[in-house]
Amino acid sequence: MCPRRCPAKGAKTMPGAEGPVIIYGGSFDPPHRGHVALAAAALRQLRPAAFYFVPAFRTPFKDLGPVPFPDRAALLRAALAGAGLGGRRGVKISSFEADQGRVVYTWETVAHFRKLHPGAPLRVLMGSDCLAGFSGWRRPDYLLKNSELLVGLRPGYSISRGGAPFRALAGRFPEADSTAVRAALFLGRRPAQLQPGVLEAIERRSLYLGLERRLLKRALTPARYRHTLLSAELALELAPAAGVPQQKAALAALLHDCARDLPLSEQARLCRRGTPRRAEMLREAPVLAHAWAGAALAEKKYGVKDPEVLDAIRVHATGAPGMGPLARLLYLSDFANRGRGFREARLVRRLAFLDQDAAFRAANYVKLVYTFSGGGWVHPLSVGLWNSLQEKKSG
Ligand SMILES: [Fe+2]
Ligand SMILES: [Fe+2]
């Protein structure tokens, strides 16, 4: 029997089966070797009557959807198959939490499986990293009365005997930093923490912005595509300190130059509406048109609806007064990514890891000095950004 979505009702402990029912919750976004190792050890050591992976509901950002449950379930199936657990009797993937359409507390999941398996001993499986946060969990009394915590030791987290009662699994279990794994996937890399079958399933389903990267690769010159990836790399590194969700940072950075290699006539057509000083810009500094054209194309061709992502693309070349965190992050990452060989970019990049605001101001300064030294026309938005930053500084 293959692991499968558990039906809404009717799943029971197998007749005559002995052993506990194990519940293993998590985002599984994506499932990695650490998840599989923990599950394999629990299956081996406890011989449960049933084992449920319970992928959590994931809160969507405005218009940026997380990887949907059916895709995460497919990735879990690929991970289990890769570990030789694909046909394991009693192993299921439950849609219970994903079906609720909201964040579900562990005690609620335990209550669900308590109804499904009346009388069976329930075990809630987790790594010792999760146990560290147990004091903040809702209804710990209910949880401990109705289930037993089953904990695997993960590097960097001790199994403390001072907190909640639990049973420890024998062995030590690798942990993968899911944020780092997702960042690598957004950049089209193949992180070693994922099994080959999971990577193939991700690629087949074009998850983690795979579709966007494929379209961009076709639309851009190889050098521009590389610049795009390097901008996204820096944006992802700086996103946590900027308070920007990583998927938004990756999407904006990947798409920021999506119109850059179109003929100018096409760029001019795309930025026909709402572009400030359009006629002068097209005449005096046509290179800037790709930013407004890029925002229009991101919406039209790539289906982006998030106004913050579109705004960030729109002003990435000129800057503008009042830029939000994502727009500032993109402006900085475009200017200072590792593909920029000039000295000022290297200095701004180094500064960005210490003080992003200072790095942002420095990027604006260097860009303006460069434009002035060339004797060219300066877009009023760039001057407006400069002035707004001086006002903030003196105020
Ligand atoms: Fe650009
Ligand atoms: Fe760029």
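Here are four short exercises, with worked solutions, on a predicted model of a protein chain.

**Exercise 1. Getting an overview**

Find out how many helices and strands the protein chain has, and what share of its residues is buried.

*Solution.* Start with the secondary structure: the protein chain has 19 helices and six strands. Next, look at the extent of the model. Along the principal axes, the C-alpha atoms fill a box of roughly 85 × 40 × 30 Å. Then turn to burial: 42% of the 395 residues count as buried. Finish with the contacts. Among those with a separation of 6 or more, 71% join residues 24 or more positions apart.

**Exercise 2. Laying out the sheet**

Work out the order in which the six strands sit in the sheet, and which strands form its edges.

*Solution.* Follow the pairing across the open sheet, and you can read the order E3-E2-E1-E4-E5-E6, with parallel pairing. Now look for strands that pair on one side only: these edge strands are E3 (91-93) and E6 (166-172). As a last step, compare directions: ignoring the sense, neighbouring strands are turned by 25° against each other on average. For a close look at one edge, take E5 (residues 148-153), which pairs with E6 in the parallel sense over four bridges. There, Leu153 stands opposite Arg172 of E6.

**Exercise 3. A strand and its partners**

Decide whether the residues of strand E1 (residues 21-26) are buried or exposed, and find which strands E1 pairs with.

*Solution.* Take one face at a time. Val21, Ile23 and Gly25 lie on one side, Ile22, Tyr24 and Gly26 on the other, and all are buried. That makes six of six residues in E1. Now for the partners. E1 pairs with E2 (residues 50-55) in the parallel sense over six bridges, and Ile23 has Tyr52 of E2 as its bridge partner. To get from E1 to E2, the chain passes through helix H1 (residues 33-46), making a right-handed β-α-β crossover. E1 also pairs with E4 (residues 122-127), again in the parallel sense, over four bridges. In this pairing, Ile22 stands opposite Arg123 of E4.

**Exercise 4. Helices on the sheet**

Find which strands helices H1 and H4 touch or lie across, and at what angles they run.

*Solution.* Begin with H1: this helix lies across E1, E2, E4, E5 and E6, and runs at about 110° to E6. Then move to H4 (residues 106-116), which packs on the sheet and touches E1, E2 and E4. The direction of H4 makes about 145° with that of E1.

Technical notes: Residues numbered from 1 in each chain as written. Chains lettered and ligands numbered in written order. Predicted model: local features only at pLDDT ≥ 70, side-chain atom pairs only at ≥ 80, totals over all residues. Buried ≥ 20, exposed ≤ 12 C-beta atoms within 10 Å, placed from the backbone. Helix = DSSP H or I, 4+ residues; strand = E, 2+ residues; numbered from the N terminus. Pairing = 2+ DSSP bridges. Right-handed = clockwise from strand over helix to strand, strands pointing away. Axes fitted to C-alpha atoms, helices over the stretch in contact; angles between N-to-C directions. Contact = placed C-beta atoms within 7 Å.
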